[in-house]
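Student: I would like to take a close look at one part of this structure, and I would be glad if you could set it in the context of the whole chain before going into detail.

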Amino acid sequence: MKRVILAVGFIGLIVLGCSSDDDSTTEVVVDEAIEASSVIENYADLVLANYQAALVDAEAMNVAIQTFVATPTEENFEAAKEAWLTSRESYGPSEAFRFANGPIDTGDTEEIEGYLNSWPLDEAYIDYVEGDVDAGIINNLADFPTLTKEILTGENGNGGEENVAIGYHAIEFLLWGQDLTAPSENLAGQRAYTDFVDGGTAANQDRRREYLAIVADLLTDHLQIIIDEWNGDYRSTFLALDEDEALDNIISSIAELSRSELAIERMAVALQNQDQEDEHSCFSDNTHRDIRLNLAGIVNVYTGAYGSVDGNSLQDLIEEADADLATELDALLATAVTDVDATLDPFDLAIVDGESSVEGAKVQTAVQALVAFGDKLLEAKVALGIN
């Protein structure tokens with residue numbers, strides 16, 4: 001960062017390019033130290049802006065879904081699916097705020113992440129699946145005679161982490177259905193809109209419409225809770241943290257996402273198993289976007305920029321503390337972006353033949369690049385004097 005100082009000849013300011021008898025004002029550019037507090041505050045602004053964008057898109061999706069539920073036509077069904085895909089574009093980068101001891105996954109609201117983005121999902125927990133037309137909460141009128149927000153929220157994760165009842169991926173499954181096609185067919189799930197039409201292709205169409213309407217509405221409720229925290233109580237708590245603790249949280253968060261959650265859980269596991277069921281968005285075949293958007297969130301946090309928010313960043317702070325480390329981190333992050341972008345989409349085509357294939361090798365290269373950046377970023381704690 002730079003600032004301009006107007007040197008007017010008094011002690012303590014450096015005057016360049018002036019003779020001793022020249023009283024004219026001279027502009028001098030000097031380095032200005034980056035304040036850690038400005039980086040931390042900019043991060044808080046960035047987080048809030050991202051969640052607010054996610055809520056706007058989730059609300060638009062909710063409108064599209066409620067429109068389809070009220071008038072279940074094929075056109076409205078396709079519009080609901082497009083709205084879901086759009087909503088993932090703004091939510092995906094927000095995954096960079098996880099693992100930072102924030103309200104998304106710690107404290108009184110720690111269950112919210114599970115309400116929003118839990119995966120993998122056992123399809124039979126929600127609705128019929130191939131070979132079992134009576135599966136799922138939707139078809140279980142004996143145990144679930146009524147469907148409410150409270151009931152579905154309570155059932156989320158009940159009996160096992162794959163018992164996902166609500167959130168983005170529950171909505172995704174309801175809109176696309178199981179993806180029963182071979183990767184080579186390059187098709188997502190093929191659920192027919194008539195599953196939601198009275199007298200249509202599956203039983204309990206009214207319950208399916210009701211379930212879909214509830215989970216779409218719940219999504220906006222839970223995003224609003226996170227926004228309220230970052231706009232109120234938690235923001236105050238975060239900004240009051242010791243600066244080292246706040247920076248440690250920020251660094252640890254994107255390092256963990258890069259080197260572990262994204263690289264290993266979301267990419268390497270699917271590649272090793274060669275199973276599209278291990279994809280993050282396996283029903284819609286949108287996993288390639290999830291991966292790129294999660295990485296975009298890492299870039300956003302590192303550079304301190306998202307939308308209209310653009311201020312002092314980790315990148316600035318590290319460059320000031322250790323220019324060589326900053327240069328290395330910039331190069332590693334650029335490589336990770338390039339390598340991730342080189343992977344095939346949809347992601348099931350990239351993993352179907354394993355690591356030994358050309359496309360599988362590209363995924364493995366991207367995994368290694370993400371791990372390398374995350375590992376190196378942790379070294380910034382030493383450079384910044386964080387204990």
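Among contacts in the protein chain between residues at least 6 apart in sequence, what percentage join residues at least 24 apart? And once that is clear, could you take me closely through helix H5, of which I would like to know how many residues are buried?

Tutor: Please keep in mind that this is a predicted model. To begin with your first question, 74% of the contacts between residues at least 6 apart in sequence join residues at least 24 apart. The chain itself has 387 residues, of which 51% are buried, and there are 14 helices and four strands in it. Its C-alpha trace spans about 95 × 50 × 40 Å along the principal axes, and its accessible surface comes to about 16,600 Å², with 48% of that area belonging to carbon and sulfur atoms. As for charge, the chain carries 18 positive and 76 negative side chains, and the centres of these two sets lie 2 Å apart.

Now to helix H5, which covers residues 168-176. Nine of its nine residues are buried, and the helix is accordingly described as mostly covered. Reading along the helix, the buried residues are Tyr168, His169, Ala170, Ile171, Glu172, Phe173, Leu174, Leu175 and Trp176, so that His169 and Glu172 are listed as buried together with residues such as Ile171 and Leu174. As a general point, an α-helix has 3.6 residues a turn, so residues three or four places apart point the same way. With that in mind, it is useful to ask what covers this helix, and the answer is that its buried residues pack against H1, H2, H3 and H6. Just after the helix comes Gly177, whose phi is positive, near 75°.

Two residues of H5 can be followed further into their surroundings. Ile171 is one of the five residues that touch the most other members of the largest nonpolar core, a core of 109 residues, and the others named with it are Tyr211, Trp230, Ile318 and Leu377. Helix H1, residues 36-70, gives the largest share of this core, namely 18 residues, and H1 is also among the helices against which the buried residues of H5 pack. Leu174 appears in the contacts of Tyr211, which, with neighbours within four places in sequence left aside, also include Ile126, Ile137, Ile138, Leu147, Leu152 and Ala165.

On the side of helix H3, the residue to look at is Leu116, which lies in that helix. Leu116 counts as buried because its relative accessibility is 0%, where the cut-off for buried is under 20%. Apart from neighbours within four places in sequence, Leu116 is in contact with Tyr91, Ile104, Gly167, Tyr168, Leu219, His222 and Leu223, and Tyr168 in that list is a residue of H5. Leu116 and His222 are 106 residues apart along the chain, and yet their C-alpha atoms are separated by 7.1 Å.

After H5 the chain runs through a loop to helix H6, residues 205-230, and Asn186 has its place in this loop. The phi of Asn186 is near 55°, a positive value in a residue other than glycine. Asn186 counts as partly exposed because its relative accessibility is 43%, which falls between the cut-offs of 20% and 50%. Asn204 lies in the loop between H5 and H6 as well, and Asn204 too has a positive phi, of about 60°, although it is not a glycine.

Finally, the loops on either side of H3 are worth a careful look. In the loop between helix H2 and helix H3 you will find Asp105, which is buried because its relative accessible area is 16%. The side chain of Asp105 reaches the backbone nitrogen of Phe99 at 3.1 Å, and its contacts beyond four places in sequence are Arg98, Phe99, Glu110 and Glu113. In the loop between H3 and helix H4 lies Pro120, and the peptide bond that joins Trp119 to Pro120 is cis, with omega about -5°. To return to the part you asked about, H5 is a helix with nine of its nine residues buried, packed against H1, H2, H3 and H6.

Note on methods. Residues numbered from 1 in each chain as written. Predicted model: local features only at pLDDT ≥ 70, side-chain atom pairs only at ≥ 80, totals over all residues. Heavy atoms only, no water. Core = buried A, V, L, I, M, F, W, Y, C linked by side-chain atoms within 4.5 Å. Buried < 20%, exposed > 50% of the residue type's maximum accessible area, 1.4 Å probe, protein only. Helix = DSSP H or I, 4+ residues; strand = E, 2+ residues; numbered from the N terminus. Contact = heavy atoms within 4.5 Å. Areas by Shrake-Rupley, 256 points an atom, 1.4 Å probe, with all protein chains shown as cover. Lys, Arg positive; Asp, Glu negative; His and termini not counted. Charge placed at Lys NZ, Arg CZ, Asp CG, Glu CD. Polar contact = N/O pair within 3.5 Å; in protein donor to acceptor, adjacent residues only side chain to side chain.
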